[in-house]
Amino acid sequence: MTYAEFFSEIKGKFMEADVSDVTEHLAYQFNIIGDAEGIFYVEVKDGQLSVEPYEYFDRDVIFIGKAETFMKIAEGKLDPVLAVTLQKLKFEGNVDKALRLKELIDSKRK
């Protein structure tokens, strides 16, 4: 899978999230290592969600992992906290905001 294919698929999964009740600013950068290597970000601002294939310098958290790990998280098949515990996912930044990623993923299944 190329980065372009991966990004197109993952963007669709993240865009399903309901962020209408999120009042705080959340900015996540995802650094993909290995196959489909690249960078994208997810931002929630004023109840609006953006997913773009760029580096985001005003980020709260950077997540680092393989494309397969990010896809499983976006699909709700892998808990991001468990992924960190299993060392399939690394993060740098604000722990509280990092934990909010699970809420975003779970919001699309309600």
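Before we look at anything, one definition: helices here are DSSP runs of at least four residues, H or I, strands are E runs of at least two, and both are numbered from the N terminus. With that in hand, we can place Lys-97, which sits in helix H4. Please keep in mind as I talk that this is a predicted model.

Let me stay with Lys-97 for a moment. Is it buried or exposed? Lys-97 has a relative accessibility of 18%, and because the cut-off for buried is under 20%, this lysine counts as buried. Setting aside neighbours within four places in sequence, Lys-97 contacts Glu-24, His-25, Leu-26, Tyr-28, Asp-60 and Val-61. If you have the structure open, Leu-26 and Tyr-28 fall in strand E1, which covers 26–33, and Val-61 falls in strand E4, which covers 61–66.

Now to the helix pair I wanted to show you. Helix H1 covers residues 3–14 and helix H2 covers residues 67–74. Their axes are 9 Å apart, and the packing angle is about 20 degrees. That angle makes H1 roughly parallel to H2. As for handedness, H1 and H2 cross in the left-handed sense.

Which residues make that contact? From H1 we have Phe-6, Glu-9, Ile-10, Lys-13 and Phe-14, and they meet Ala-67, Phe-70, Met-71 and Ala-74 from H2. By type, the residues of this contact are 7 nonpolar and 2 charged, with no polar ones. A helix has 3.6 residues a turn, so residues three or four places apart point the same way. Do have a look at the numbering of the contact residues with that in mind.

Two of the H1 residues are worth a closer look, and they make a nice pair. Glu-9 is in helix H1, and at 34% relative accessibility it counts as partly exposed. Beyond residues up to four places away in sequence, Glu-9 touches Met-1, Met-71 and Glu-75. For a sense of scale, the C-alpha atoms of Glu-9 and Lys-45 are separated by 22 Å, with these positions 36 residues apart along the chain.

Phe-14 is also in helix H1, but this one is buried, with a relative accessible area of 4%. What does Phe-14 contact, leaving out neighbours within four places in sequence? The list is Phe-30, Phe-40, Val-42, Leu-49, Val-51, Ala-74, Leu-101 and Ile-105. Phe-14 and Ile-73 are 59 residues apart along the chain, and their C-alpha atoms are separated by 10 Å.

That brings us to the core. The largest nonpolar core has 31 residues, and those touching the most other members are Phe-6, Ile-10, Phe-14, Phe-30, Phe-40 and Phe-63. At least two residues each come from H1, E1, strand E2 (38–45), strand E3 (48–52), E4, H2 and H4. H2 gives the largest share, 5 residues. As general background, nonpolar side chains tend to be buried together in soluble globular proteins.

H2 deserves its own slide. How many of its 8 residues are buried? The count is 6, and H2 is mostly covered. Those buried residues are Ala-67, Thr-69, Phe-70, Met-71, Ile-73 and Ala-74. They pack against H1, strands E1 and E4, helix H3 (80–85), strand E5 (89–93) and helix H4 (95–106). Just past the end of H2, Gly-76 has a positive phi of about 80 degrees.

Over on strand E1 we find Gln-29. This glutamine is buried, at 1% relative accessibility. Not counting neighbours within four places in sequence, its contacts are Ile-39, Phe-40, Tyr-41, Glu-55, Tyr-56, Arg-59, Val-61, Ile-62 and Phe-63. You may recognise Phe-40 and Phe-63 from the core list a minute ago.

Last, two loop residues with positive phi that are not glycine. Asp-46, in the loop between E2 and E3, has phi near 55 degrees. Asp-46 is exposed, at 67% relative accessibility. Gln-87, in the loop between H3 and E5, has a positive phi of about 60 degrees. Gln-87 is exposed too, with a relative accessible area of 69%.

That's my tour. Thanks for listening, everyone!

Methods:
Residues numbered from 1 in each chain as written. Predicted model: local features only at pLDDT ≥ 70, side-chain atom pairs only at ≥ 80, totals over all residues. Heavy atoms only, no water. Axes fitted to C-alpha atoms, helices over the stretch in contact; angles between N-to-C directions. Parallel < 35°, antiparallel > 145°, perpendicular 65-115°, else oblique. Left-handed = near helix turned anticlockwise from the far one by under 90°. Contact = heavy atoms within 4.5 Å. Nonpolar A, V, L, I, M, F, W, Y, C, P; charged D, E, K, R; others polar. Buried < 20%, exposed > 50% of the residue type's maximum accessible area, 1.4 Å probe, protein only. Core = buried A, V, L, I, M, F, W, Y, C linked by side-chain atoms within 4.5 Å.
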